Each structure stands twice: as structure tokens, then as C-alpha cells.
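User: I'd like a close look at one part of this model, please.

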Amino acid sequence: MMIFFKERLAFLAVPKTGTSALERALGSKASAVFRDPPGIKHTNARGFESKYRKLFERGNLRPIETMAVMREPVEWLGSWYRYRQRPAIDGHPNSTANMTFDAFVAAYLSSDQPSYAEVGSQARFVTDKSGDLLVNHLFSYRDLGAAVRFLENRLSHEITLKAVNQSPKRELALSPDLRAELHKRCALDFDIYAALEEGPLSLS
């Protein structure tokens, strides 16, 4: 999470959506950068509203707006799967080494997720308890350029992104049955992302 106090903007870092690259590019510009622990770094929209908004609302200043980036749901899970295959965590409960993508997604959909499949939900990250969008500006990872342009205009600062935390390359294959179940169980994720394919979303 990054706070740009003067520009009245909070960047909420959805994991596996290029947030580390943006943090590296904008860290020196931000008023505050929350890097650790991960639970604070990746504060979701509900957490920001309940825990942090009041810290940055001062006097007659206009309210802080929030922004985030969302990834296509299957690609997002694939990024988690590949990231947790890195050799550095071999033998750790979070490792997905020697596991198929089908097995990972099945574990993610299970009622008792193993630790390697506990990766949260993008929809839950950006919505309120009713499932309504809670961030002011939401961008698609596939059109990260739109988020960069928004930030450049808002912050009056040129941004150059460099890849950070890239996952190991591996072909992903998901069975039709699991894909259908994922669409059913994570319908809100897919609905929000389908809307993003038409362009960035903003609260009215």
C-alpha cells in the first residue's frame, strides 16, 4: 500500500498484479509506503476504510481516493501457482513444486484450503461486504498502461516500470470441469474482470 497524501490517493496493492514494480517506481514519490508485513502491505479496500482512512483525513482536505489493479482470475491463480514453485521454498508448506495447476486450483476451491492455496480473492480485495466495488479506480493488469497513465497524470511524475518478483515460466493447463467450477465459485471475480475488459472502472 502506498499513500500519496498531497495528491489524495491511496494505491492498494492486490498481490500478483505488478504492485512491486509500481512500488519500486513510485516509492520515493509516496508519502508513506507499507512494505511489511504482507498483511499490511496488501491491505484490501475494506481494511483501508476501517483502519487507515481516518489517519489521512485531515481538516478540509478532500477525501483520499483509492485505486487498485486486478488480473484475469485464472491468470492470477496461475501466477500464484508459478510463484510458489520457486526453488527457494522447496519443502515449505507453501510450495507448489511437483504439483499440477489442476491440483492447485482444486485445493484453492476446497473448503479446507492447504496453506499453499490460501491466496485470498481479488473480488474480496476490491469490494465491500455486499460485493459492490469499493475502490475509486480499478484497472486491468492486461492494460497496466492505463493505470500508469492515471498515476502519471495524478502525481505529475513519469513512471518507468521494471519487472520485479517474476514467477518461473511454466505452461498452465486447467481442465474444463475445474474451469467451470472456478467460474461458478468465483463468479464475482469474473464479473468484475469482464467489466474491466471494457475499460477501467470508477465509482460514480
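How much space lies in the second largest cavity, and which residues line the second largest cavity?

Analyst: Happy to help! This is a predicted model, in which local features need pLDDT of at least 70, side-chain atom pairs count only at pLDDT 80 or more, and totals for chains, interfaces and linings use all residues. Residues are numbered from 1 along each chain as its sequence is written, and side-chain values use heavy atoms, with hydrogens and water left out.

The second largest cavity holds about 30 Å³ of space. A cavity here is a set of points, on a 1 Å grid over the protein atoms alone, where a 1.4 Å probe fits but cannot get out, and lining residues have an atom within 4 Å of a point. Grid points are joined across faces, edges and corners, and the volume is the space filled by probe spheres set on the points.

Its lining is made up of Met1, Met2, Phe11, Ala13, Thr19, Glu23 and Lys41. By class, four of these are nonpolar, one is polar and two are charged (Ala, Val, Leu, Ile, Met, Phe, Trp, Tyr, Cys and Pro count as nonpolar, Asp, Glu, Lys and Arg as charged, and the others, Gly among them, as polar).

For context, the model has two cavities of 30 Å³ or more. The largest cavity has about 40 Å³ of space, and Pro73, Trp76, Leu77, Tyr108, Leu182, Cys186 and Asp189 line it. That lining divides into six nonpolar residues, no polar ones and one charged.

Definitions and conventions. 1 Å grid on protein atoms, 1.4 Å probe; cavity = no way out; pocket = protein on both sides within 12 Å on 5 of 7 lines; lining within 4 Å.
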